[in-house]
Amino acid sequence: MDININELITAAADVRKNAYAPYSNFYVGASLLAGSGKIYSGCNAENSSYPVGICAERSAFAAALSAGERDFYAIALTGGKNKAKADGFCRPCGMCRQFMAEFCRSDFKIISAISVKEYEICTLGELLPKSFILR
Ligand code: THU
């Protein structure tokens, strides 16, 4: 599968505009490239009962899984407190890494982006080595 990095990052930046983060003021957008070639996007959605909130990555995965997707190639992430523009590399939290490990191989790509010109690419295997296995 060809990964169009620009398209993924642009989609993440677009959905980030919808982030609901009145408590942390940290706005995150995530766009996930699935097996069908479609991109599914999600933003973080916080709650006045703080632990109830959901991260952007798991929102994107929930959208893709709900559409029947089960294969995933890459996710682009953009986040930060400045709503207008991301200003640092946003990497997935531990819970999201574990969530990804359920569906993604160790070569699944995680693109943390400030813009289409400034990003880093890690694999899930790098960010979550020796992950939990239920057996
Ligand atoms: N957040 C994400 O959406 N993804 C991550 O990987 C890390 C954190 C959100 C959760 C919360 O709404 C805000 O960022 C601050 O933690």
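## A tour from the ligand outwards

Start at the ligand, where one of its oxygen atoms sits 2.9 Å from a polar backbone atom of Ala 56. Keep in mind as you click around that this is a predicted model.

**Stop 1: the ligand and its shell.** Stay with the ligand and bring up the side chain of Glu 46. An N or O atom of that side chain is 2.5 Å from a ligand oxygen. Now turn to Cys 93, which offers a backbone N or O atom 3.0 Å from an oxygen of the ligand. How much of the ligand's accessible area does the protein cover? On its own the ligand has 370 Å² of accessible area, and the protein covers 76% of it.

To see the whole surround, select Ser 24, Phe 26, Val 28, Asn 44, Glu 46, Cys 55, Ala 56, Glu 57, Arg 91, Pro 92 and Cys 93. Colour this shell by class and you should find six nonpolar, two polar and three charged residues.

**Stop 2: helix H3.** Next, select residues 94-103, which make up helix H3. Which residues of this helix are buried? They are Cys 96, Arg 97 and Met 100. Look down the axis of H3: the buried residues fall within an arc of 100°, so they line one face of the helix. The general rule behind such a pattern is that an α-helix has 3.6 residues a turn, so residues three or four places apart point the same way. Swing round to the other side of H3 and you meet Gly 94, Met 95 and Glu 102, which are exposed.

What do the buried residues of H3 pack against? Show helix H2 (56-66), strand E3 (72-80), strand E4 (109-115) and helix H4 (124-127) to see their partners.

**Stop 3: Thr 78 in strand E3.** From those partners, pick strand E3 and zoom in on Thr 78. Is Thr 78 buried or exposed? Its relative accessible area is 4%, so Thr 78 counts as buried. A polar atom of the Thr 78 side chain lies 3.2 Å from the backbone oxygen of Ala 113. Beyond its neighbours within four places in sequence, Thr 78 has contacts that include Ala 12, Arg 16, Tyr 27, Cys 90 and Ile 114. Val 28 is also among the contacts of Thr 78, and you have already seen Val 28 around the ligand.

**Stop 4: helix H4 and the segment after it.** Select Gly 125, which is found in helix H4. With 24% relative accessibility, Gly 125 is partly exposed. For a sense of scale, draw a distance from its C-alpha atom to that of Ala 11: the two are separated by 24 Å, and by 114 residues along the chain.

Follow the chain into the segment after H4 to reach Pro 129. Pro 129 is exposed, at 52% relative accessibility. Its C-alpha atom is 14 Å from that of Cys 93, a residue 36 places away along the chain.

Lys 130 lies in that segment after H4 too. Lys 130 is exposed, with a relative accessibility of 88%. Check its backbone: phi is near 50°, a positive value in a residue other than glycine.

**Stop 5: Asn 25.** Finish in the loop between helix H1 (5-16) and strand E1 (27-34), where Asn 25 is found. Asn 25 is not a glycine, yet it has a positive phi of about 55°. At 35% relative accessibility, Asn 25 is partly exposed.

Terms used: Residues are numbered from 1 along each chain as its sequence is written. This is a predicted model: local features need pLDDT of at least 70, side-chain atom pairs count only at pLDDT 80 or more; totals for chains, interfaces and linings use all residues. Side-chain values use heavy atoms; hydrogens and water are left out. A residue is near a molecule or strand if one of its heavy atoms lies within 4 Å of it. A polar contact is a pair of N or O atoms within 3.5 Å; within protein, one must be able to donate a hydrogen and the other to accept it, and residues adjacent in sequence count only if both atoms are side-chain atoms. Accessible areas come from the Shrake-Rupley method with a 1.4 Å probe; for residues, only the protein chains shown count as cover. Ala, Val, Leu, Ile, Met, Phe, Trp, Tyr, Cys and Pro count as nonpolar, Asp, Glu, Lys and Arg as charged, and the others, Gly among them, as polar. Buried means under 20% relative accessible area, exposed over 50%, partly exposed in between (1.4 Å probe, protein chains only). Helices (H or I, at least four residues) and strands (E, at least two) are DSSP runs, numbered from the N terminus. The arc is that of the directions from the helix axis to the C-beta atoms. Contact means heavy atoms within 4.5 Å.
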